[in-house]
Structures are given as C-alpha cells and as structure tokens.
Amino acid sequence: MVDELGWTVEKIPDSDSVFMRAHETYFRDGALTAGVFTAKDGGMSADWDKYSSKEETRNRAKNPARNAVLSLSVGGVRQMKGLDVEHRPELENRAHSEIDLPDDREELTEIRVFLLRLADIVIPLTRDPVGEQRTI
Amino acid sequence: MPTAGGTLQWERETPSVQKWEHQEEDRDLKAEIEQARKILELKDNWDDEGSPVFSKDTLDRAVAFLVMHSEQIRKCYHLHLPVPKISPGPKGSIDLHWKRPDWELLVNIPANADGMATFYGDNYGVQKIKGSVDPRLFNLGLASWLMN
C-alpha cells in the first residue's frame, strides 16, 4: 500500500521498536512519569527505528535539548489489549508511526502504567532541568 | 507532686516517636503538594506539542483527594499513606502515582470537574485493581490498596 505522499505504508514487525520523545516536564527526580503517554489528534506519535535513529527523533522536536527519547518494543505494545503500532509516514518523516490509545479513560490509565514499564530511555535529558526548576 | 486527698492529674502524652512520624509524613506530603504547584506555571503548548495548561481547580481536586485519603487512613487505621508523585497527566488531567516495591497505583484526576477519577494498580503479579471513583468521596477499596 502506498500513501498519498508516495511512501509505502509497511507492516511494522514485532521485533522492531519505535522511538518517541519525552519532554523534560514528564520527568520527576530523573524518573519518567506516565503522563508522557498521551494522544495528540487521536494517536501517540512515534518513529519506526527502521527509518529513524533515536537522535533524529530527538532533533525533530522544536527544542531538542528539552527532550529525552524513549524506545518501545512494537511486540511489547501489541501485547497490550487492543493496541497496535501503525506505520503512517509523513512527507518529511518516513518513520512516522502512531499508537492509537483508547478513549476509555479506565483503559487508558491501565495502558499508561504498562507503557511506562515497557519504555526504555535511550537518550536521557542532557541538561539539568532540576537546577533550572523545569521539572514538575 | 501528688498530695493526699487531691486529684491526681496525669498529663496525657503523645509518644514522641509517633508524633515525629506524623510530622515527617506531613512534611513529605506538603513538600510534594508544593512541588506539584509548579504544574500551574506551565503555559499553553508547554511541550511544543500542543499540550494544554493545567487548571488550579484540577490540581486542587487532586490534592483534596490525596489529603482526604491520607487523613482518613491515619484517623481510622492509624497508618500512614505513602506519598505519591503528583504529575501532569493527559489533556489537562493530574496523575497521582504510587510506585512501591510491592505494588503500583496510578490515579488520574480529570480536567472535567464532574468527571470520575480513574485508577489502575497491581502488585506486579495477578492482583489488580481498576475502575472509576468519585474523587470527592473517600473510597475504601482504594484505601485498602494503599494500606498494602
């Protein structure tokens, strides 16, 4: 299948991973918080590691220095009920993918706990937000 | 010094250790609440990805829920509620997150003032707790989990 931008939309294998940014506000005392797992326009954006490095994912942020990068195993995400990772390439980002989170708030609360356990921080915050009073 | 025929008035004492523990707990809880107030300083689009501001009303409801459960557990069961992390949740909501060695619980207080709080917790094994509660009311089920 080819999307309107000309990129082939592919099936992401379970063995692959996706990267996503985590704004510094989602860290407390160096630990990631569950609030980072939130949908924007229906889905939670990520980058398939087949077409993006973790550094490229970070550099797509408006302010990369304020973002860490997480890695999520696609197979791990799919083990959660009803969740999938779909390749949805964009004009300037072939790696773009989305995880559609449930609208049901009880389901979402449970899924956020599991996503927090699944996430690996592959690029930590590079500045000291505590000293600048930026973390919540 | 007691005297014959007089009424002996013993002073009621609070054991110093218990008093100290309460003060410690109060201090930790107050510190967490104070830290959480920084959430209100975030401007619209604070993450450059469109996240909204957090309202004082939402944070106040989260704090009220937390303080109510802490006080009830102390008063009724003489136990101390562990202090959770209070942090930004999705769509202007507030998360209360307890992550303990033996169990974990996430409670989400929505931005909607009439909305129910949702929660999920487990013991990293087969025991789970999940559902919705009115955040204005003390909930014995959640309290039981918090007293694990």
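Here is a chat between a student and a tutor about a predicted model with chains A and B.

Student: Let's start with the folds. What pattern does chain B follow along its sequence?
Tutor: Chain B has 3 helices and 5 strands. Put them in sequence order, with α for a helix and β for a strand, and you get α-α-β-β-β-β-β-α.

Student: And what pattern does chain A follow?
Tutor: In chain A you'll find 3 helices and 8 strands. Going along the sequence, the pattern reads β-β-β-β-α-β-α-β-β-α-β.

Student: What share of chain A's residues is buried?
Tutor: Take chain B as a warm-up: it has 148 residues, and 41% of them count as buried. For chain A, with its 136 residues, the buried share is 50%.

Student: In chain A, how many of the contacts between residues at least 6 apart join residues at least 24 apart?
Tutor: The same kind of count in chain B, for a separation of 6 or more, gives 41% for residues 24 or more positions apart. In chain A, the share is 75%.

Student: Where in chain A does pLDDT stay under 50?
Tutor: Chain A has a mean pLDDT of 91, and 89% of its residues reach 70 or more. Where pLDDT is low, the predicted coordinates should not be read in detail. One stretch to treat that way, with 8 contacts beyond four places in sequence, is residues 130-134 of chain A.

Student: Now the interface. How much area is buried between chain B and chain A?
Tutor: On the chain B side, 33 residues are in contact with 30 residues of chain A. Carbon and sulfur atoms give 51% of the buried area, and the total is about 2,700 Å².

Student: Which three residues supply more of the area that chain B buries against chain A than any other three?
Tutor: Together this trio supplies 20% of the area that chain B buries there. The names to look for are Glu49(B), Tyr120(B) and Lys130(B).

Student: How many salt bridges are there between chain B and chain A?
Tutor: Over all chains, the structure holds 26 salt bridges. One that crosses between the chains pairs the side chains of Arg117(A) and Glu104(B), at 2.7 Å from N to O. Between chain B and chain A, the count is 9.

Student: Which element of chain B gives the most residues to the side that touches chain A?
Tutor: Several elements of chain B give two or more residues to that side, including helix 1 (16-36) and strand 3 (104-109). By class, the side has 13 nonpolar, 9 polar and 11 charged residues. The biggest giver, with 5 residues, is strand 4 of chain B.

Student: Which residue of chain B forms a salt bridge with Lys40(A)?
Tutor: Lys40(A) is partly exposed, at 25% relative accessibility, while its partner is buried at 5%. Lys40(A) sits in the loop between strand 3 (31-32) and strand 4 (43-48) of chain A, and the partner is in the loop between helix 1 and helix 2 of chain B, so the pair joins two chains. The closest N and O atoms are 3.3 Å apart, and the partner is Asp47(B).

Student: Is His23(A) buried or exposed?
Tutor: His23(A) lies in strand 1 (residues 17-23) of chain A. Leaving aside neighbours within four places in sequence, His23(A) is in contact with Arg66(A), Asn67(A), Trp46(B) and Asp47(B). Its relative accessible area is 5%, and the cut-off is under 20%, so His23(A) counts as buried.

Student: How far apart in sequence are the parts that Arg60(A) and Asp47(A) tie together?
Tutor: Their side chains meet in a salt bridge at 2.6 Å, N to O. Arg60(A) is in the loop between helix 1 (54-59) and strand 5 (67-73) of chain A, and Asp47(A) is in strand 4 of chain A. The pair therefore ties together parts whose separation is 13 residues.

Student: Last one! What is the C-alpha to C-alpha distance between Phe54(B) and Gly89(B)?
Tutor: Phe54(B) is in the loop between helix 1 and helix 2 (56-77) of chain B, and it is buried, with a relative accessible area of 6%. Residues it touches include Trp46(B), Pro88(B) and Gly89(B). Phe54(B) and Gly89(B) are 35 residues apart in sequence, and in space the distance is 9.3 Å.

Note on methods. Residues numbered from 1 in each chain as written. Chains lettered and ligands numbered in written order. Predicted model: local features only at pLDDT ≥ 70, side-chain atom pairs only at ≥ 80, totals over all residues. Heavy atoms only, no water. Contact = heavy atoms within 4.5 Å. Buried area = accessible area lost by both parts, 1.4 Å probe. Salt bridge = Lys/Arg side-chain N within 4 Å of Asp/Glu carboxyl O. Helix = DSSP H or I, 4+ residues; strand = E, 2+ residues; numbered from the N terminus. Nonpolar A, V, L, I, M, F, W, Y, C, P; charged D, E, K, R; others polar. pLDDT = per-residue confidence, 0-100. Buried < 20%, exposed > 50% of the residue type's maximum accessible area, 1.4 Å probe, protein only.
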